[in-house]
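Good morning, everyone, and thank you for making time for this short talk. Please have a look at the sequence and the model on the screen before I begin.

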Amino acid sequence: MSAFTALLARDLHLALRQSADSFTVVAFFAIATVLFPFGVGPEAEVLARIAAGVLWVAALLAALLSLDRVFTVDFEDGSLDQLLLNGQSLTLMVLAKVAAHWLTTGVPLIIMSPVMAVTLQLPAEGYGVLVLALILGTPTVSLIGALGAALVLGSRRGGVLLSLLVLPLYIPVLIFGTAAVEAAITGMPSGPMLSVLAGLALIAVTLCPLGTAAALRQAAE
Amino acid sequence: MGTSDTFKTATFSGENLTCRRGGRMVFAGLGFTIPTGGALVLRGPNGSGKTTLLRLMAGLARPTAGRLLWSGAALEDPEAHGRHLRFIGHLDAIKPAFTVRENLAFWVAFWGRDDGLIGRAMEAFGLAALADFPARLLSAGQRHRLALARLVASPAPLWLLDEPANALDDRSLGALTDTIAAHRARGGMVVLASHGADLASGGATLALDKFAPTDAAQWTDL
Amino acid sequence: MHRFANPTQFMRIANAIYPWAAGLCVLLFAAAIPIALVFSPPDYQQGDTVRIMYVHVSSAWLMMMIYGIIAANSAMFLIWRHPMANLMAKASAPMGAIFCALALITGMLWGKPMWGAFWVWDARLTSTLILFFLYLGYIALSDAFEDSERGDKAAAILALVGSVNIPIIHFSVEWWNTLHQPSIIKDGNMSVDPALRLPLFLMMGAFTMFYFAVLILRLRSELLAAKIRNARLSQVADASAPQPAE
């Protein structure tokens, strides 16, 4: 078994043992979404108009909450030192951590999103594209988030600082993720936006692990 | 790699190592050589840089100047150097949610070793009876033994041990001494930072305070 | 390049540049302010409002140039570990953030007469706002660690990440803007009338010289602060160091 699969399996195993963590993230996603109708009123047209944006923003914030822990636990219990000493590429190790984060938070959010879309009166045409956009967009969220989490490792105000660093970088994903769903609702082709989301994911998957690895090595130094 | 095998002949040395942390020069011009099967005991008062030097040797930290050599060849790539060594620091890298066996099995798999030695490793450090215990129930000494068991479970030629005698009772101390002796007999190398017990008989001693910079050189502008 | 890494060498050059930068800054301001505020003609559409442009464009120019300088110095710091590159980046960041804020404020003041509202989600204003957040993140991160070296390096990585992301964010925002506000807000006449060009260039030059002059002052005080810190540390070390046995 390679280091990649070993680490991925360990993180999934740990997430399973501590499944309350993943559950909390999904619950946060749900409650954050539910707050909006109270803020803007329950009119179906208004909700349908903002549904895509609300779901994306809530998903970003929910993912952000879980990012704080991606490396912190390993950093604090000394596992990070040992992970750095695997004698292989550090970027591969980072990808395993990111994959585990995506599987334990991104995927539950994707599964939950159509349910929350129902409460926001999302028109029927939007569901397929919403899920597709989340599938293409959430890996970028995990990749950029892991980079931010590695940068703030060991800092005095990790969580709050992380949001300040990472949220501006999420704006392109938010723009194209929302636009894809809106295009689908208004009968426009959503293919171009989905392609851009896929492109962003490709850029993120090539560049972010390098930065994350560099940040982790410095955190250990 | 079985226990009966010996390691390929290797030596580990450092030349002219200088380390600066937080604007303070910790040590300068430090050199050492560990022959095949050799041991090096780091001694020095608190703050003399024992842990820093161990992390430097592991490639976790980079020296401000100087270089490390593996069998005479300069180590260019710290990532590849990780394959040569096991580092046991103050933190034990144990997941409380896993059992003792699972904790060991993960690191063995992660480092790409086969799992044939896990049982022997647990026996060596008196953990066999605790194999299926969740690690969160372990005492401090037991956790430390679990960390040390990684040395046996996934062999590597160079061991870097930071205060390995901490929190160990007499019996475990004996087990550790025996393990180190067996490791060296197979051609393995050990570096220890230690205050007390003599865990590596016949090993060289490196007194770090000898390499502390003089007062004038200790503080730099930046 | 590498000899600038030596602080003493670097400061000798910087101190030689300082009077020139400061002097040019004063001269350019002395020329630019009267021309910009009094002698240059008002815009035929915007009237006197256009005079905000001199401050707005100059600030916007500096906020982008300073981010570029931070990113370049961060790269040099990460690759060659030049301490001066790190100090340059660290000393520049608050100034970049201030010019960014200035560009935002003047942009809003300019927006009121032009668009009828202090804030519209114009692509350029929005990008500026995001750049402001990137500056804030950089400053917060570099200050977030007990070990200042760690903060320096983390912030340097963040600066490089930001420099990759800024174009992506910029184009996303631009596209988003055309999607949601087709043809409501036009760029107006961004081709600047020749009569306004001279004061604008003078003003941009004055701002740039101001940045260089203040940067050198900040580097100087940063180095002095490091000296004081070290002097204190060595006192502590002298008091607590175990006396050698010999």
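Let me start with a question about chain B: in what order do the four strands of its open sheet lie, and is the pairing parallel or antiparallel? Before I answer, please keep in mind that what we are looking at is a predicted model. The order is E2-E1-E4-E5, and the pairing in this open sheet of chain B is antiparallel. At the edges are strand E2, residues 24-34, and strand E5, residues 73-74, each of which pairs on one side only. If we follow E2(B) inwards, we come to strand E1, residues 12-21 of chain B, and these two antiparallel strands are joined by seven bridges. As an example of a bridge partner, Cys19(B) has Phe27(B), which lies in E2(B). Packed on this sheet is helix H1 of chain B, residues 50-58, which touches E1, E2 and strand E4 (65-70), and the direction of this helix makes about 125° with that of E1(B).

Now let us move to chain A, and to one helix in particular. Helix H3 of chain A, residues 44-67, has 24 residues, and at 1.5 Å a residue we should expect a span of 34 Å; because its end C-alpha atoms are 33 Å apart, the expectation and the model agree. H3(A) nevertheless has a kink of about 50°, and this kink is centred on Ala51(A).

Next, how does chain A meet its neighbours? On one side, 23 residues of chain A are in contact with 23 residues of chain B. Helix H1 (3-17) and helix H5 (79-84) of chain A each supply at least two residues of that side, and H1(A) gives the largest share, six residues. By character, the residues of chain A that touch chain B divide into nine nonpolar, nine polar and five charged.

Towards chain C, 22 residues of chain A are in contact with 22 residues of chain C. Here the elements of chain A that give two or more residues are helix H7 (126-151), helix H8 (158-166), helix H9 (171-185) and helix H10 (191-220). This side of chain A divides into 16 nonpolar, four polar and two charged residues.

Finally, chain C itself has six helices and zero strands. Of its 246 residues, 39% are buried, and among the contacts in chain C with a separation of 6 or more, 77% are between residues 24 or more positions apart.

Conventions. Residues numbered from 1 in each chain as written. Chains lettered and ligands numbered in written order. Predicted model: local features only at pLDDT ≥ 70, side-chain atom pairs only at ≥ 80, totals over all residues. Contact = placed C-beta atoms within 7 Å. Nonpolar A, V, L, I, M, F, W, Y, C, P; charged D, E, K, R; others polar. Buried ≥ 20, exposed ≤ 12 C-beta atoms within 10 Å, placed from the backbone. Expected span 1.5 Å × (residues − 1). Bend = angle between axes of the 7 residues up to and from the residue. Pairing = 2+ DSSP bridges. Axes fitted to C-alpha atoms, helices over the stretch in contact; angles between N-to-C directions.
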